[in-house]
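Work through the following exercises with the sequence and the structure at hand. Try each task before reading its solution.

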Amino acid sequence: MKSSSSCGRCSSNYSRTFDLPEDLEDATEDYGVGGAMLPIFLNDLRRNNGEDLVEVTLELDNDSIVVCSISPTPARDENNTTPATPIFERSQSLTSRIRQFPWLRSGSPRTSASEVEERAMTAREARRIKAKLQRETSSSQRALTGLRFISKTTITNDTDDLWRKVESRFHSLAKDGLLAREDFGECIGMVDSKEFAVGIFDALARRRSQKIARITKEELRDFWLQISDQSFDARLQIFFDMADSNEDGRITREEVQELIMLSASANKLSKLKEQAEKYAALIMEEMDPENLGYIELWQLETLLLQRETYMNYSRPLSTASTGWSQNLSSFGPKNLVRRASFTLQCMVLENWRRGWILLLWIMAMASLFVWKFYQYKSMAAFHVMGYCLCTAKGAAETLKLNMALILLPVCRNTLTWLRSTRARSFVPFDDNINFHKMIGCAIAIGILVHAGIHLSCDFPRLIHSSPEKFALISSDFHDKKPTYKELFTCVEVVTGICMVILMTIAFTLARSRFRRNELRLPAPFNRLTGFNAFWYSHHLFGLVYILLLVHGTFLFLTQKWNQKTTWMYISIPLLLYIAERSIRICRSEHYSVKIFKVSLLPGNVFSLIMSKPPQFRYKSGQYIFLQCPSISPFEWHPFSITSAPQDDYLSVHIRTVGDWTRELKRVFTEVSDSPSVIGRAKFCKPGHVDPRSQPRLLVDGPYGAPAQDYRNYDILLLVGLGIGATPFISILRDILNNTRAVEDQSDSVTEMSQVTKSEESWNSFTSSSFTPASSLAPSGKKKVHRTKNAYFYWVTREPGSFEWFKGVMDEVAEMDHKGQIELHNYLTSVYEEEDARSTLITMVQALNHAKHGFDILSGTRVRTHFARPNWKKVFTKIASKHPNTTIGVFYCGVPVLARELKKLSHEISHKTSTRFEFHRELF
């Protein structure tokens, strides 16, 4: 046991001069207590010349000096006033000097185990002092806002309101006025993290020197006040106490491992739980370089503060904040009139293509309605049935137009071809399904007007008309006034009623609640929901068009064939649609593929790698339809292509969410001799497999999609939710392939120039007329790959989802030497990074990536973020980095997030010089 002397204090205006001997290294032992570096230290203090002061607390311990603390003291000027700004640079300099040079070492040559331990303790103490000063003087204090025990979503400004909710849950859970330890989590709002809540309970109970299983409401109130304390130090102490189970003020490797397992359990990360021992050793290696076997509270705090440093392994997403403020201020008019004018201008720029199409459509319907209205107003029948007849016939004319137009948005081959023409610059092909739905709504309104007025107004007026008025149109009814029953049972009305019934069925089953199987119906009505019901019911329109032709042929008041215009409206669109379906049938027979590989992946996903049919050309972002005749000879289902156009195979990733996909998975994984592989898909050269035992798979496509237009933008923001990442995997690979091709061409051109540099004539020829063949398009024009940067955000709920494209992620990270692509993975099943339940996981993740270069959850080089992205922050940072640029935003996922991203695209475009154009993937 060493005896400790009393502590002395000295200030930085120490006046004695110390000089360093020339033979410093050899003369260390000649100096007494403190070693040769102590005079250097005191000389450094003397150079302040009274400008700033520090207070140094030293502890004399036999033959060594231990620095207890170093803190600045306010200096006094001549007027005995304190300067406004304290100086911390000298203190930091001293701390660094202490850490780098063991000047506290005794001059004694003795070396023993106790001295080694002393040196380790001294080194740790020096690190503690530096960590304390860094927290006080650096910007790291911003990181101290984390480590919340209460979820961010439940935090409100009214703390009393939060306690009332906890109190209410206490009354419902407590028995005999006592709350059980197991119910503590549910009571404070940690319903899904009861084990973690029990750890908090035990830590707070140990503070009371109690080991209790139940608590009263007063004790619960005390516990609640501690975990809801907004002080970072208080939250850090609770977190430390959770690990320090023996209350000795130290955390061992076993206790760190136990806390990691607790955090992994709270976030349902079974893989991380299995490797808790490995990651506990990683933390101890970083935080305990002295190998003392434990870490203390200040070291845990240091690890939290250094988290951002560890995380800064990737390329920065944003530029300086001044760039954003400049971008924002330059495009934020303060004048109300100018702001309204600017907003109107942006709306016109964003919607002019939709606007002129809708305007043209509405004008066409209005013109046809007015033309037919006045045409029948001048006929004799007007004197019998009045304006009811004119209105019904005007609605009928719009119905003919819309029944023709509704086929055009679903002629996928035609739209795919038009996307490659100049028409894409003024026609919004991305909105084809929305336009299809709008026309359907117009048809429903037209039917109500047309059929409703005929049945409720025209027919009663006709059968109750006077003989004199009926005589005006008697020739159209064979000179016999019909009864209501005769009118109701005639060909015109029967075909009309049949069409209404069929279209009602198709319209109803096409609603999203039916199509997406969101509506739960009892058997056997449950067969009316799902994609199959939507698919088959839409084919009832084949009968509708036949009935429409019959209905348009048998008309009461029109006898001449050239005045019966129904066939004129629908003939061309109908023939075009029939041709498209015929092409699909013929092409699918020609595009029968061979399966090279089937990979079963986590999250009910499997991938198919198949042969590329002859003459099958596609662009990244496009999709194909698949049909398996052994499952159904009629059903076709769309899937995004995940392979790149340059690959010699096709690949798709399919999630089993319906009957057809589940059956397809069963067929290709349970069939004998199937080349199925359990694991993640690798984009390697496929092997040859005997196809005789494989089920037949037909391919139709490729078809155009919004994502294929990514080449029109210099900067891309790609957002995929879950399996919605599939369209963008092909894009990422294509960008890298194009970049690599351009680099290879540049290298070859440079090499050729060097070889022929001595021949001036040949060099002149090559510089003026030589163009690499690989850079030429089929038309002879040079291909231009506009995309310079891409930001890919993949948001998923299941950690296993990262296995789907693990190979692609690593390939992108390995090939992308220029920082062209930024990959961001988000796992929403884990609590946000500032939550106490994920704090330790975040630290382990950052530390492991900094040391080993890969993520602990995805197993790739791409770091996984927790919870959902802050999309507004994402947009503003990208806008800051790319001012005066048009950025293509491509999204594939649920409609809820689509609305948020679209709104942000418009909002940030209005506020900055960066314009975001939003595109959503629809099938």
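**Exercise 1.** Decide whether T529 is buried or exposed, and find its surroundings.

*Solution.* T529 has a relative accessibility of 10%, and it therefore counts as buried, where buried means under 20% relative accessible area and exposed over 50%, with partly exposed in between (1.4 Å probe, protein chains only). Next, locate T529 in the loop between α23 (512-515) and α24 (531-538), helices being DSSP runs of H or I with at least four residues, numbered from the N terminus. Finally, list its contacts (heavy atoms within 4.5 Å): leaving out residues up to four places away in sequence, T529 touches F514, N517, L519 and L521.

The model is predicted, so local features need pLDDT of at least 70 and side-chain atom pairs count only at pLDDT 80 or more, while totals for chains, interfaces and linings use all residues. Residues are numbered from 1 along each chain as its sequence is written, and side-chain values use heavy atoms, with hydrogens and water left out.

**Exercise 2.** Do the same for H454: is it buried or exposed?

*Solution.* First, place H454 in helix α19 (residues 432-463). Its relative accessibility is 15%, so H454 counts as buried. Then, not counting residues up to four places away in sequence, H454 touches A392, F459 and P460.

**Exercise 3.** How do the axes of α18 and α26 cross?

*Solution.* The axes, lines fitted to C-alpha atoms over the stretch in contact with angles from 0 to 180 degrees between N-to-C directions, belong to helix α18 (residues 412-419) and helix α26 (residues 566-590), come within 8 Å and cross at roughly 90°. Therefore α18 is roughly perpendicular to α26, a term for angles of 65 to 115 degrees. The contact is made by R412, N413 and T414 of α18 and by L576, E580, I583, R584 and R587 of α26.

Notes: Helices (H or I, at least four residues) and strands (E, at least two) are DSSP runs, numbered from the N terminus. Angles under 35 degrees count as roughly parallel, over 145 as roughly antiparallel, 65 to 115 as roughly perpendicular and the rest as oblique.
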